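User: I'm new to reading protein structures and would like a close look at just one part of this one. Could you walk me through the sheet, strand by strand, in plain words?

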Amino acid sequence: MEPLEGAANEQDQSRLAALNFKAFLLKRSTKTNLSLYDHLSRVLVKVMDERPDNAADVFEDLSLEVKRSQLQDRQSTLRPSPEPTAAFTLAQQQKGLFSQGAGDEQEEGLVETPLPNLAEQSFFFEQVGVGLGREETQRIFLALKQLVDTHPLQRCRFWGKILGIEANYTVAEVEYRDGAEEEEVEAEETHEDEEKEGEAREKDEEEVVEEVDPLPKSTYKPPPTVPKEPRGSGTNKFTYFVCREPGLPWVRLPDVTPAQITVARQIRKLFTGRLDAPIVSYPPFPGNEANYLRAQISRISAGTQVSPLGFYHFDEEEGEEEEGGRDNFVENTNFEGIPVQEMSESLSAWVHHVQHINKQGRCVWVNLAEKTEEDFEEEAEEEEKEEQPDEPEPEVGPPLLTPLSEDAEINNTPPWSIRLSSHLIPQYAVAYVRSNLWPGAHAYACGRKFENIYIGWGLKFLGEPYTPPVPPQPQQAYPSGPNITEALDPSLEEEQALKAALEEQQAAQEENEGLEAEEEEEEEDD
């Protein structure tokens, strides 16, 4: 019995020693709060997963890697981890520009793309000292490719870059294919119909309140609203997309209205780089920065988009329109180019190919005096009492393809400056023109190739200090008339004279009534 008891005691002692040793291994460090048991378990698991050669030689390295992975998250509590910089964040967002999808090479070879050859345009603009640098130009080129791939576009052009206080705007001018904008137009019309229904409900509620407690109604009538031009014509001929940096999402700008262009001509505001930023100005601007940006783009395009004389011409089959002149032109296939020396010496070799915006804020003048049938019915009584105003004279601006030599000066400042890119090697030089009214607008021409670009703050040169418009005169609180005009009290003699005149008038009236009564009695007797 003694040998059995001794063996049992040895087993209990070894089990107790194992438990004590395991408890020692489970003891956590006071510095890292890690136990040796857990650490060895993770190291052995890592060895079984990776199965490295010469595991005994790299055991220390594996142990260090496991310990480092456990302490990596806890190091942030001792020292804050560095936040990513703006350049690093932008680089992460621009990584998608350099990724090519499957089948892109085949599609590009089979289908014609509206993507412009920005590399070639950048080369010519570098010759005249204008550009954004090759690196940024390449990123914009890839961003335009993304825009072309995600929208059904027929034409795409890099319009330019408008600088801002917080961020800049990269602008792309596009033209959709036929019928591609129908869905977006329907969505906008649905939204406008909902707004009109809401306004009609509010008016109905106001009418109900007025029936219960009628209030005096104002006779003031606001001036008629100038309707905006439809898409595909005038100031809304093209669609514009903007982005703050290449690689960020493109945002489509809304259509411009004549009221926005009219107010934009009277104010001067720098862009902030936020499309939803309010425009605080006088006169009040009807919209936010996105609308103001769209209005400035229309103004800059109408004043600075030029081309060589003869590159475009009017179609002979289309006759001249009655109102506003011609608004369409076609490319002249027989155009062979103008010598560079001639284009660098005469402004008559350059023409405008974007319609002029008149004072009304439209390219085509509209008669606001014309009234619909409802207006005639509502104002029939007023028209009988008041004289009809004269018909306004239609405003007609310079026609399309007008030479730059006919542009007017501002405070003795010529509107354009023409140069040659190099006088040392004129055989390979490029002719270019620079706008002095819109600093930052440039155009080059070389043979049959030409292009326009704008890089600036989006403000027009005035030639004098800017003066805000004066507020209008206050309106009259009430109409002036004899019933409410204060007069001097009459004297005693005037009161007696007035009383005597009234008595004589009353007596004469009574005599006339008596004579009329006698005549009626005689007629009845007869």
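Analyst: Let's start with strand 1 (residues 153-162) and strand 2 (residues 169-176): they run antiparallel and are joined by eight bridges. One of the facing pairs is Cys-156 with Val-174 of strand 2. Keep in mind that this is a predicted model, where local features need pLDDT of at least 70 and side-chain atom pairs count only at pLDDT 80 or more, while totals for chains, interfaces and linings use all residues. Residues are numbered from 1 along each chain as its sequence is written, and side-chain values use heavy atoms, with hydrogens and water left out.

A quick word on terms. Helices (H or I, at least four residues) and strands (E, at least two) are DSSP runs numbered from the N terminus, and two strands pair if DSSP finds at least two bridges between them.

Now zoom out to the whole sheet. It's an open one of eight strands with mixed pairing, in the order 4-3-2-1-12-11-10-9. The edges are strand 4 (251-252) and strand 9 (416-420), each of which pairs on one side only.

Two helices pack on this sheet. Helix 8 (residues 134-150) touches strand 1, strand 2 and strand 3 (239-243), where a contact means heavy atoms within 4.5 Å. The direction of helix 8 makes about 145 degrees with that of strand 1; axes are lines fitted to C-alpha atoms, for helices over the stretch in contact, and angles run from 0 to 180 degrees between N-to-C directions. Helix 11 (residues 289-304) has a longer list of strands to touch, including strand 9, strand 10 (431-435), strand 11 (441-446) and strand 12 (449-456), and its direction makes about 100 degrees with that of strand 1.

Next, follow the chain through strands 10, 11 and 12. Strand 10 and strand 11 pair in the antiparallel sense over four bridges, with Arg-434 partnered by His-442 of strand 11. These two strands form a hairpin with five residues between them, and Gly-440 in the turn has a positive phi of about 115 degrees. Strand 11 then runs antiparallel to strand 12, joined to that strand by six bridges; here Ala-443 has Asn-452 of strand 12 as its bridge partner. That hairpin has two residues between the strands, and Gly-447 takes a positive phi near 70 degrees.

Finally, strand 11 is mostly covered, with five of its six residues buried, meaning under 20% relative accessible area (exposed is over 50%, partly exposed in between, with a 1.4 Å probe and protein chains only).
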